[in-house]
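Dear colleague,

Please find below the sequence and the structure that I am handing over to you. My findings follow directly after it.

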Amino acid sequence: MRIQKIFLLSITASLAISFFVILAVLSILQDREHEAARVRVYSQIEKKNNALNLSIARFPNRPDASRIDQIWATSASLDNLLGSLNSQDIIETALIRHIIDSNHELGYLLEKLIASSSEPAGVSTRERQNVLISHLRMKSQFILDDIQRLMEISQSEIDAAQNRAKFFIVCLIVALVLINTAISLFASKSIIRVQEGLRKSLERAEEGERLTRQAQLRLAEAQRIAKVGDWEWDSVKDDVSWSEAMYDIFGRSPELSAPTYKEHRRYFTNDSWTLLDDSVKAALESGKSYELELENIREDGSQGWFIAQGEVLLDSAGHIAKLRGTAQDITARKLSEESLRKSEERFRAIVSSSSEVIYRMSPDWSEMRQLQSKGFLANTEKPNRNWLKEYIYTEDQPQVTAAIKEAIRNKETFVFEHRVRRADGSVGWTFSRAVPLLHANGEIVEWFGAASDITERKKAEETLRQWSETLEQQVAERTELAKKRARQLQSLSVELIEAEERERRRIAQLLHDDLQQIIAAARFQLQTFRQEMPAEPVLINIEKLLEESIRKSRRITHELSPAILEHSSLFSALQWLARHMGDQFGLQVELTLGAAPPPASQPLKVFTFRTAQELLFNVHKHSGVKVAEVELSNNNDRLVLTVSDRGRGFDPESLDSAIVKDGFGLLSLRERVDYIGGNMLIESAQGQGSKFILTIPVNSFETPESPTDDLEQVSSADAATDRCIRVLLADAHELMRKSLVKMLSRQPDIEIAGEAANGREVIELARQIKPDVILMDTAMPDTDGIETTRLIKAELPNVHVIGLSIFPDEQYNNLMRAAGADAFISKSGSSAELLEAIYGTCERVDAPQFAFSLLSNS
Amino acid sequence: MTNSPPSPKLLRALLLIVTLAFLGCQPAERAPQGPALKLSMAIQAAPYSRLIAIADEKGYFKAAGLEVTLNLYPSGKQALEAVCRGEAEVATVTDSAFAAKALEEPSIRVIASIGRSTGNQIVARRDRNIQYPADLIGKVVGYTADTTSDYFLHTFLITENIPRKSIRMVHIPAAQQAEALINGDVDAISAFEINASEAEKRLGDNAVSWDSQNSIAFHWLLAVNENTTKSPESLKRLLKALIKAENFATLNEEETRSIISRKWGFDPIYIQDSWQENRVGISFGQSIVIALQEFAIWNINNADKPTIFPNVLHYLHTAVLDEVAPKLVTIFR
């Protein structure tokens with residue numbers, strides 16, 4: 001139907017399109033015909049015009065009447081032809097109007113030409129006629145030009161009409177082709193759809209047939225698996241039909257036809273056949289159905305059991321026509337029941353002879369079939385589906401359930417320890433173990449389990465666990481305490497190092513501040529006294545003794561507390577130590593310092609320095625060589641100090657008995673290193689030198705904070721005067737200050753501007769009085785002379801500072817120089833040196849070279 | 001026999017054929033490629049030059065790829081002389097002036113006619129006792145030599161049966177025609193349309209005038225030097241632009257009047273009055289040949305020395321218009 005509609009529609013469309021196209025083409029052709037007719041008129045006009053031209057060209061001086069009539073006739077016919085022209089086109093209309101006008105003017109000129117022969121003489125007739133003829137030719141040609149133009153326009157219209165007609169015809173052809181193509185397309189699609197529908201119907205039918213076959217096969221297979229067969233018996237014809245499963249149940253070869261009713265006899269025990277036969281007869285008589293459990297004998301002689309069902313089939317008249325029914329093989333079930341019965345008997349026997357809990361569970365554990373206990377748990381004689389809540393402790397139920405599921409899934413032994421509700425209601429522990437009893441087909445028939453009372457064991461384990469936890473806690477506490485003690489020991493060791501260093505500094509301070517100052521003051525006074533007295537040998541000896549006292553006490557002070565340790569880095573201190581060992585003991589120390597500087601911790605610096613000092617002293621005393629090597633490297637959080645020599649060496653095993661008289665002693669040194677968390681490795685042998693490698697943990701030492709005192713910014717205007725050199729004395733020792741006052745006050749051009757006993761007083765007085773020179777003792781309380789010098793020079797750069805120290809050491813010289821001091825004088829030096837330094841320093845403004853030479857000389 | 005539907009490629013091919021057929025029927029007008037060509041024109045500002053005014057005003061020259069320079073001259077004769085001097089490439093000139101110049105300058109060529117006019121007039125002063133053409137006898141008549149003014153005065157006198165020797169003819173440059181009459185330097189003038197109109201306007205009732213052309217129009221030609229035709233691209237573009245202007249003028253008469261009045265400062269009344277006397281349109285008809293022949297004969301007859309009659313066709317260059325619009329070329333070839 002659809003295809004027919006499409007064809008009808010396409011034919012209608014084709015006809016309609018063809019009709020309209022033909023109409024359009026006819027209309028175009030009609031227009032073309034009109035244009036062709038117009039062209040023909042134009043052609044006639046052209047001919048008439050040419051004829052008129054010819055007549056005019058041969059116009060005689062004195063024309064006869066017939067010629068004039070001929071000219072007028074031609075003109076009149078031209079007029080008529082022009083009068084028949086019309087057009088809707090604006091250009092054509094304009095041209096036609098021009099042609100008509102020109103033709104009228106042509107007539108006017110003709111009249112003039114004709115009349116020219118009879119006009120009075122003025123200009124010669126011939127000359128006038130020539131002009132008029134010329135004008136007539138021109139006018140006539142203008143008309144012809146316009147006619148030509150009209151003809152071209154008409155020709156263009158004709159060409160255009162032909163092109164349009166061609167176009168429409170092409171369009172018609174294309175449209176018809178398209179329509180036919182579309183028809184073919186749609187028709188093809190429809191045919192394909194019909195074919196597709198037929199194919200699908202066929203496939204569905206085949207699929208239905210296939211599904212039916214599959215269903216039959218599945219039914220047969222299902223009957224085989226379920227061991228259920230069906231049969232039908234035409235009691236009149238004694239025609240029996242069996243399904244395949246029936247052959248399996250009775251063990252009859254499927255190649256044979258079903259047995260007759262009477263032949264069934266041999267497949268049953270006598271009792272079963274009698275029962276069946278009676279039931280069949282009753283059914284045939286009364287139409288009553290039956291269901292029997294019968295024992296059959298298979299072809300191979302084995303026995304089986306099946307359930308037989310039968311019912312009657314009535315014909316259209318309501319008479320009993322057939323019997324049909326099913327047979328379900330229950331041999332396996334019967335055997336299982338038998339097996340279960342025997343199992344139960346065995347179970348009862350085990351229970352009666354066992355002291356443990358014995359239980360039986362259904363295959364999926366949903367039901368406890370039986371539980372026998374000798375007082376531990378309550379007995380269960382009947383199947384119990386609520387056993388989980390009754391026997392299993394609530395908190396353990398999820399774990400028990402999970403273990404059961406796992407055992408069922410794997411068909412493996414269930415083993416679990418869990419809490420149970422005991423027969424007396426209390427909570428106890430049991431160790432339960434159950435094994436699956438499997439049927440021949442692999443399915444679980446039943447779970448058989450035993451459970452032991454492990455409550456006492458569990459209690460013992462809990463007590464043991466508590467004891468263990470207590471013990472572990474005590475061990476942890478003891479360990480923490482030991483660590484704390486170790487840290488305290490480490491801290492104490494560091495504090496001991498610091499305390500020792502403080503004590504050294506205190507003794508050195510005492511020597512410096514008291515004894516040495518007194519001796520120095522005595523020496524200054526003696527020198528002052530000697531300047532006023534004649535040379536006295538006793539006084540000279542006394543002065544020498546005083547100088548020797550100063551020198552010795554200064555050396556002791558220096559060894560006790562080298563200033564380099566206070567003011568310089570560990571690298572600088574070790575460099576000083578290397579020089580000092582060379583100067584003091586002639587030991588050449590080759591120093592190797594790592595690229596990374598060690599942390600700026602004062603205790604760490606002191607410990608490392610003292611250790612290196614002690615080991616080098618040992619080298620000096622015991623190695624027998626004059627060369628030692630010291631290497632210091634910084635390995636992140638650890639300093640590694642290595643001191644080695646190539647001397648006589650020793651046995652490290654004898655270290656425990658080795659006692660070093662001077663210094664720590666190696667044993668003591670190793671213990672101190674251990675205390676701070678480091679270690680000391682000794683590599684040595686007799687005659688092969690010694691090597692001590694100390695690893696010192698950096699974090700054992702706290703980094704001291706460096707004191708910073710901000711000074712207020714004050715005017716740097718120097719109040720220098722040219723009258724006297726104003727001197728500020730900065731020394732912690734009053735005796736020393738008095739000696740200096742006494743010595744300097746004798747100088748007419750030196751004025752004592754003030755005195756200060758500590759660094760802070762020096763800074764405050766310097767700001768107030770702005771002295772020319774400050775005599776600055778390097779060792780002062782509060783802020784020492786080196787730091788005070790640095791602060792003074794930063795704030796008051798025009799104030800000159802001359803460092804004074806009981807130590808003539810180059811080390812102090814350098815430190816004061818670095819802090820900004822202009823000169824440095826030892827207190828053990830002469831008063832002349834001091835005065836020279838004061839004068840030289842003040843002149844230094846204009847003569848710096850002198851100042852430097854003075855320093856170098858001092 | 002297959003059940004597969006028609007190939008989509010076939011449908012696409014059919015559709016393509018229809019599209020191409022449709023497009024093939026459409027006129028394709030492509031813009032010229034490359035930079036604009038320069039073209040210098042020497043023209044007389046006159047109503048019959050209006051195609052040039054329209055093309056310039058409406059931008060048809062630019063659209064055609066031309067950069068046109070318009071130089072105004074009082075007469076076509078002077079415009080043609082400018083071309084001969086090389087000051088311009090194209091001139092607008094009457095057929096009579098072209099014919100006169102052709103006798104001495106064989107290298108000039110006509111490439112098309114852009115209009116026709118019948119506007120030349122004889123204007124006379126009534127206060128010089130002139131009422132009719134015959135009153136011109138004994139009077140001084142001004143004219144511009146070698147122009148339509150000259151030729152049509154000649155034919156006017158002949159057709160009015162006035163002997164040439166009975167009047168005194170004086171040459172007056174075209175631009176001074178009206179002024180000479182108004183000042184009374186002459187009794188009458190054979191004047192171009194624009195000058196005649198001005199003289200009539202200024203003389204008022206004192207003016208009397210007659211059509212001097214006997215309704216015979218003169219062609220308003222585009223003339224070039226022969227050398228210009230050797231590189232015809234700019235001339236083609238010129239003619240294309242003027243054809244476009246012709247279409248515009250045909251369909252937009254009022255606006256056309258407004259354009260030429262505004263562009264060249266003509267009095268709108270003058271434009272209105274003279275409208276019917278001027279036709280514009282691109283053509284190359286046989287009438288050009290006839291006119292040039294007639295004017296050539298007249299010039300030879302008036303020449304002071306013997307002159308060989310030229311082959312008029314030698315001066316016609318139809319190739320440009322033939323290529324642009326062949327249907328407009330209607331001379332016998």
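The model is a predicted one, and I begin with the boundary between its two chains. Between chain A and chain B, twelve residue pairs are in polar contact, with both residues of each pair at pLDDT 80 or more. On the side of chain A that touches chain B, helices α3 (90-116) and α4 each supply at least two residues. The largest share of that side comes from α4(A), which provides 28 residues.

Salt bridges also link the chains, and their count is four. One salt bridge joins R279(B) to D146(A), where the closest N and O atoms are 3.1 Å apart.

As for the extent of the interface, chain A contributes 41 residues to the contact and chain B contributes 46 residues. The size of an interface is often expressed as the accessible area lost when the parts come together. Here the area buried between chain A and chain B is about 3,800 Å², and carbon and sulfur atoms give 64% of that area. Within chain A, the residues that lose the most area to chain B are H135(A), M138(A) and F142(A); together they account for 16% of what that side buries.

Turning to the interior, the largest nonpolar core comprises 112 residues. F98(B) and L242(B) have the most contacts inside this core. Its largest share, however, comes from helix α4 (residues 125-226) of chain A, with eleven residues. Helix α4 of chain A thus appears twice in this account, giving the largest share of this core and also the largest share of the side of chain A that touches chain B.

The surroundings of L242(B) may be of interest to you. When neighbours within four places in sequence are left aside, L242(B) is in contact with L51(B), I52(B), A55(B), F61(B), I114(B), L222(B) and I282(B). Another core, of 49 residues, lies apart from the largest one; among its members are L539(A), L744(A), I802(A) and A819(A).

Finally, some remarks on chain B as a whole. Chain B contains 13 helices and eleven strands. Of its 333 residues, 56% count as buried. Among the contacts in chain B between residues at least 6 apart in sequence, 79% join residues that are at least 24 apart. The exposed area of chain B is about 14,700 Å², with carbon and sulfur atoms supplying 52% of it.

With kind regards

Note on methods
Residues numbered from 1 in each chain as written. Chains lettered and ligands numbered in written order. Predicted model: local features only at pLDDT ≥ 70, side-chain atom pairs only at ≥ 80, totals over all residues. Heavy atoms only, no water. Core = buried A, V, L, I, M, F, W, Y, C linked by side-chain atoms within 4.5 Å. Buried < 20%, exposed > 50% of the residue type's maximum accessible area, 1.4 Å probe, protein only. Helix = DSSP H or I, 4+ residues; strand = E, 2+ residues; numbered from the N terminus. Contact = heavy atoms within 4.5 Å. Areas by Shrake-Rupley, 256 points an atom, 1.4 Å probe, with all protein chains shown as cover. Buried area = accessible area lost by both parts, 1.4 Å probe. Salt bridge = Lys/Arg side-chain N within 4 Å of Asp/Glu carboxyl O. Polar contact = N/O pair within 3.5 Å; in protein donor to acceptor, adjacent residues only side chain to side chain.
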